[in-house]
Amino acid sequence: MHFIKQMILAERELLELNGQAHMDIKPDNMVLTDDCCLAYIDFGHTVPCDAKLTSMAGGTDVYNAPERFWRNEYRADKADMWTLGVCIFIIVAMKRPYEP
């Protein structure tokens, strides 16, 4: 449960304090620091999160929000929150949400 809380807080810090959307949140892009805090890595897809629409492609399909596939433009912050939810689901259910 502590790890999930840290995932949410790390995303909040990125979105609200830094004004950035990661755009490729997945377990492979999360590491634990020496003091057991979660940190994101791989900021290659990061975009400014200023409530404007983006059309940025990329990320990892399994984790991407649906609108990244069927819309030309979407809100990066909302897409990041979807991806975070998918990661939390995988941790809790120990399977991907789209598998039977």
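Is Asn 64 buried or exposed? That one is settled in the close-up of Asn 64 below, and every view here comes from a predicted model.

**View 1. Asn 64, in the loop between strand 5 and helix 2.**
Asn 64 is buried, with a relative accessible area of 6%. The loop that holds Asn 64 runs between strand 5 (53-54) and helix 2 (67-70). Look around Asn 64 and, leaving aside neighbours within four places in sequence, you'll find contacts with Gly 58 and Gly 59, plus Phe 69, Trp 82 and Thr 83.

**View 2. The largest nonpolar core, with Met 7 picked out.**
This core has 14 residues, and the ones with the most contacts inside it are Met 7, Met 30, Leu 38, Tyr 40 and Cys 87. Three elements give two or more residues to the core: helix 1 (2-17), strand 3 (38-40) and helix 3 (76-93). Helix 3 supplies the largest share, with 5 residues. A second, separate core has 10 residues, including Val 47, Cys 49, Ala 76 and Ala 79. Back to Met 7: its contacts, with neighbours within four places in sequence left aside, are Met 30, Leu 38, Tyr 40, Leu 84, Cys 87, Ile 88 and Ile 91.

**View 3. Helix 1 against helix 3.**
Two packed helices are described by the angle between their axes and the distance between the axes. Here the axes of helix 1 and helix 3 come within 11 Å and cross at roughly 170°. Anything over 145 degrees counts as roughly antiparallel, so helix 1 and helix 3 are roughly antiparallel to each other. On the helix 1 side, the contact is made by Phe 3, Ile 4, Met 7, Ile 8, Glu 11 and Leu 15. Helix 3 answers with Asp 77, Asp 80, Met 81, Leu 84, Cys 87, Ile 88, Ile 91 and Val 92. Sort the residues of this contact by class and you get 11 nonpolar, no polar and 3 charged.

**View 4. His 22 and its surroundings.**
His 22 lies in the loop between strand 1 (20-21) and strand 2 (30-32). His 22 has a relative accessible area of 0%, so it counts as buried. Leaving aside neighbours within four places in sequence, His 22 is in contact with Leu 14, Asn 29, Tyr 40, Ile 41, Asp 42, Phe 43, His 45, Thr 46 and Asp 80. Asp 80 is also one of the helix 3 residues in the contact with helix 1, and Tyr 40 is among the residues with the most contacts inside the largest nonpolar core. Within the view there's also a backbone detail to spot: the nitrogen of Asp 24 lies 3.1 Å from a polar atom of the His 22 side chain. As for Phe 69, it sits 47 residues from His 22 along the chain, with 17 Å between their C-alpha atoms.

**View 5. Lys 26, in the loop between strand 1 and strand 2.**
Lys 26 has a relative accessibility of 16% and counts as buried. What does the side chain of Lys 26 make a polar contact with? The partner is the side chain of Thr 60, at 2.9 Å. With neighbours within four places in sequence left aside, Lys 26 is in contact with Thr 60, Tyr 63 and Cys 87. You've met Cys 87 already, as a helix 3 residue in the contact with helix 1.

**View 6. Cys 36 and Met 94, two non-glycine residues with positive phi.**
Cys 36 is found in the loop between strand 2 and strand 3, with phi near 60°. Leaving aside neighbours within four places in sequence, Cys 36 is in contact with His 2 and Gln 6. Gln 6 is 30 residues from Cys 36 along the chain, yet their C-alpha atoms are separated by 9.8 Å. Met 94 has a phi of about 60° and is placed in the segment after helix 3. At 73% relative accessibility, Met 94 counts as exposed.

**View 7. Glu 73, in the loop between helix 2 and strand 6.**
Strand 6 covers 74-75. Glu 73 has a relative accessible area of 45%, which makes it partly exposed. Not counting residues up to four places away in sequence, Glu 73 touches Leu 53, Thr 54 and Ser 55. Ile 4 is another matter: Glu 73 and Ile 4 are 69 residues apart in sequence and 29 Å apart in space, C-alpha to C-alpha.

Conventions:
Residues are numbered from 1 along each chain as its sequence is written. This is a predicted model: local features need pLDDT of at least 70, side-chain atom pairs count only at pLDDT 80 or more; totals for chains, interfaces and linings use all residues. Side-chain values use heavy atoms; hydrogens and water are left out. A nonpolar core is a set of buried Ala, Val, Leu, Ile, Met, Phe, Trp, Tyr and Cys residues joined through side-chain atoms within 4.5 Å. Buried means under 20% relative accessible area, exposed over 50%, partly exposed in between (1.4 Å probe, protein chains only). Helices (H or I, at least four residues) and strands (E, at least two) are DSSP runs, numbered from the N terminus. Contact means heavy atoms within 4.5 Å. Axes are lines fitted to C-alpha atoms, for helices over the stretch in contact, and angles run from 0 to 180 degrees between N-to-C directions. Angles under 35 degrees count as roughly parallel, over 145 as roughly antiparallel, 65 to 115 as roughly perpendicular and the rest as oblique. Ala, Val, Leu, Ile, Met, Phe, Trp, Tyr, Cys and Pro count as nonpolar, Asp, Glu, Lys and Arg as charged, and the others, Gly among them, as polar. A polar contact is a pair of N or O atoms within 3.5 Å; within protein, one must be able to donate a hydrogen and the other to accept it, and residues adjacent in sequence count only if both atoms are side-chain atoms.
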